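Biologist: I would be grateful for a close look at a single part of this protein. Please choose one helix and describe its surroundings in a connected account.

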Amino acid sequence: MAAASLSLTVNPAFTTTPKPKLVTSLSHSIKLVSTCTTPSRFPPLISQPPSLSTRLASAFTTRAAASTSSSTTTTNTFHGLCYVVGDNIDTDQIIPAEYLTLVPSKPDEYEKLGSYALIGLPSSYEKRFIEPNEIKTKYSIVIGGDNFGCGSSREHAPVALGAAGAKAVVAESYARIFFRNSVATGEIYPLESEVRICEECRTGDVITIELGESRLINHTTGKEYKLKPIGDAGPVIEAGGIFAYARQTGMIPTEQAA
């Protein structure tokens, strides 16, 4: 007797349609990429509301169009001392793995996480980002070189810098995941310079960053530098992160008082 064979085929009607993924392009704008490869055979019986990703992308587009037609610009300004590092500062140097057990959502552990920011830098950095017996840094601006934030994808890296008291990082370029985590958490502004500012500034220089003008001023040397515009990421960081921005713009409901 010939052996019986069993053939299984998948009914397209029961194929799960993946949700769209939210990704950032290199120009720091946000777009939707569809992962659906199999069209549905039957239309939905009930009309579904737009997803959060769709509404978020739409809000960015609307806001960008409004900013183009409006003369209003961002007026955020940061002023303070800068801390200068070199190229390829990875997330292990920003916050070593042994401190990733700290939970940033807990206020006391958030503060403790900040006290370890940039503790992984080699001993060649004689001036430390956090001085001994301190939990906050006196340097509100970090200036770096190429590929800042490379390495693992840990969100703790920008969170640690923000918890330490840093307001912005100015680097020649970023690892994409670090840039994205900085925007998503709203902890720091990841700003890009058009030249290697890290070679012209020294730790302790007095710096002003004018976001609206996309400009950095070194008051110690008297030099000014043009920065690349932060673009659509700015309002998200200003709101306190992606979820705070979504609540602020009505894309997800705010928590109602009991």
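Modeller: The account below concerns helix α4 and then turns to the aromatic pairs and the cavity.

The model is a predicted one. Its protein chain has seven helices and nine strands, and buried residues make up 39% of the 258 residues. Of the contacts in the chain with a separation of 6 or more, 65% are between residues 24 or more positions apart.

Helix α4 spans residues 156-164 and is mostly covered, with nine of its nine residues buried. These buried residues are His156, Ala157, Pro158, Val159, Ala160, Leu161, Gly162, Ala163 and Ala164. They pack against three helices and one strand, namely α2 (91-94), α3 (107-114), α5 (176-185) and β5 (168-171). Just after α4, glycine 165 adopts a positive phi of about 115 degrees.

The aromatic pairs come next. The structure holds nine of them. One is the pair of phenylalanine 78 and tyrosine 189, which is tilted, with 5.2 Å from centre to centre and 50 degrees between the planes. Phenylalanine 78 belongs to strand β3 (residues 77-84) and tyrosine 189 to strand β6 (residues 189-192), so this pair ties together parts that are 111 residues apart in sequence. Phenylalanine 78 has a relative accessible area of 13% and is therefore buried, the cut-off being under 20%. Tyrosine 189 also counts as buried, at 8% relative accessibility.

Another pair leads back to the helix. Phenylalanine 148 and tyrosine 174 form an edge-to-face pair, 6.1 Å centre to centre and with 75 degrees between the planes. Phenylalanine 148 lies in the loop between β4 (139-143) and α4, while tyrosine 174 lies in the loop between β5 and α5, so the pair ties together parts that are 26 residues apart in sequence. Phenylalanine 148 is buried, with a relative accessible area of 0%, and tyrosine 174 is buried at 13%. Ring pairs link Phe148 and Tyr174 with Phe178 and Phe179 into a cluster. Both β5 and α5, which flank the loop of tyrosine 174, are among the elements against which the buried residues of α4 pack.

Finally, there is the matter of enclosed space. Rolling a probe the size of a water molecule over the atoms shows where empty space is left. The structure holds one cavity of 30 Å³ or more, and the largest cavity has a volume of about 40 Å³. Its lining consists of Leu191, Leu211, Ser214, Leu227, Lys228, Pro229 and Ile230. By class, five of the lining residues are nonpolar, one is polar and one is charged.

Methods:
Residues numbered from 1 in each chain as written. Predicted model: local features only at pLDDT ≥ 70, side-chain atom pairs only at ≥ 80, totals over all residues. Heavy atoms only, no water. Buried < 20%, exposed > 50% of the residue type's maximum accessible area, 1.4 Å probe, protein only. Helix = DSSP H or I, 4+ residues; strand = E, 2+ residues; numbered from the N terminus. Contact = heavy atoms within 4.5 Å. 1 Å grid on protein atoms, 1.4 Å probe; cavity = no way out; pocket = protein on both sides within 12 Å on 5 of 7 lines; lining within 4 Å. Points joined across faces, edges and corners; volume = space filled by probe spheres on them. Nonpolar A, V, L, I, M, F, W, Y, C, P; charged D, E, K, R; others polar. Phe/Tyr/Trp six-rings, centres within 6.5 Å; stacked < 30°, edge-to-face > 60°.
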